[in-house]
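User: Please take a close look at a single helix of this chain, and then at how its surroundings are put together. I would like one connected account that I can follow with the model open.

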Amino acid sequence: RNSAEPAVMARRSARRLSLAVVCCSAIWSSTFVAQRPKALLSSLHVAAAGFASPMVDVARANAESFSFLGKNSAELFPVSNVSLLTWGLLIFLPSWEYLKPAALVAPVVNAVLYVATISFLLTHPDPAVLSADLLSLDGVVTAFRNPDGVLAGWLHYCVFDPLVGLGEVLDSQQNKLPHFLVVPCLILTLLFGPIGFLSYLAVRTVCLASRPA
């Protein structure tokens with residue numbers, strides 16, 4: 001009996017030590033989770049994204065690409081350059097009697113192509129875009145990784161920027177502003193959009209304010 005007592009005591013000590021280790025591990029784990037929930041969630045999100053990303057890439061690779069009149073987005077992109085026709089008319093032929101209808105030709109062409117592109121995107125949604133938060137910058141960047149989406153976005157500018165320029169010319173004629181002052185605004189509108197629009201408003205304001213009452 002006396003010889004068995006040390007073995008029994010050793011087993012009891014081992015059990016107590018194991019229990020203490022388990023309790024300490026549980027306490028440490030619960031403290032870590034309580035203090036680092038965001039880090040854990042972020043890690044889970046990264047892991048999930050890493051798992052989902054290849055699946056999204058495969059789905060995107062297998063997705064049908066936009067085609068219009070037998071041409072894909074890359075082949076249709078040069079069509080958007082027809083907007084330069086409108087800019088040439090606005091800058092060099094502002095007094096031409098057919099300026100309005102002629103200046104609308106390019107925006108109409110690009111608008112038709114835009115409708116075709118956006119219709120395809122709505123009926124063939126990109127898996128990455130469906131899961132993206134389009135209210136955030138990262139979501140918008142994700143949406144524009146699709147070449148078809150880039151074409152739609154570019155056409156959007158090619159439709160509305162020339163219309164802003166046409167509005168500048170027509171307004172300047174109505175208010176009898178010198179065209180040589182409007183030309184720099186048109187060039188800025190062509191290249192930088194909002195900067196050109198604001199520059200025209202500034203020129204218009206100064207010209208009208210400097211006139212005698």
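Analyst: In this predicted model, helix α5 covers residues 99–123, and its 25 residues reach 37 Å from the first C-alpha to the last, which is close to the 36 Å expected at 1.5 Å a residue. The helix nevertheless bends by about 30° at valine 105, and a proline, proline 107, follows within four residues. Proline 107 is also one of the buried residues of α5. Ahead of it in the sequence, Leu99, Ala102, Ala103 and Ala106 are buried, and after it the buried set continues with Asn110, Leu113, Ala116, Thr117, Phe120 and Leu121.

As for what lies over these buried positions, the cover of α5 includes β1 (67–68), α3 (73–76), α4 (83–92) and α8. Helix α8, one of these covering elements, spans residues 147–174 and has a packing partner in helix α9 (residues 179–192), where the two axes come within 9 Å and cross at roughly 170°. At that angle, α8 counts as roughly antiparallel to α9, because the crossing is over 145 degrees. On the α8 side, the residues that meet α9 are Asp161, Val164, Gly165, Glu168, Val169 and Ser172, while α9 contributes Val182, Cys185, Leu186 and Thr189. Sorted by class, this contact of α8 with α9 has five nonpolar, three polar and two charged residues.

Within α9, leucine 186 deserves a separate look. Leucine 186 is buried, because its relative accessible area is 0% and the cut-off for burial is under 20%. Not counting residues up to four places away in sequence, leucine 186 touches Gly165, Glu168 and Val169, together with Trp87, Leu90, Ile91 and His179. Gly165, Glu168 and Val169 are among the α8 residues that meet α9, whereas Trp87, Leu90 and Ile91, which leucine 186 also touches, fall in the range of α4 (83–92), one of the elements covering the buried residues of α5. Aspartate 161 lies 25 residues from leucine 186 in sequence, and their C-alpha atoms are 9.7 Å apart in space.

Set against the whole chain, these helices belong to a total of 10 helices and two strands, arranged along the sequence in the pattern α-α-β-β-α-α-α-α-α-α-α-α. Buried residues make up 26% of the 213 residues in the chain. Of the contacts with a separation of 6 or more, 69% are accounted for by residues 24 or more positions apart.

Terms used: Residues numbered from 1 in each chain as written. Predicted model: local features only at pLDDT ≥ 70, side-chain atom pairs only at ≥ 80, totals over all residues. Heavy atoms only, no water. Axes fitted to C-alpha atoms, helices over the stretch in contact; angles between N-to-C directions. Parallel < 35°, antiparallel > 145°, perpendicular 65-115°, else oblique. Contact = heavy atoms within 4.5 Å. Nonpolar A, V, L, I, M, F, W, Y, C, P; charged D, E, K, R; others polar. Expected span 1.5 Å × (residues − 1). Bend = angle between axes of the 7 residues up to and from the residue. Buried < 20%, exposed > 50% of the residue type's maximum accessible area, 1.4 Å probe, protein only.
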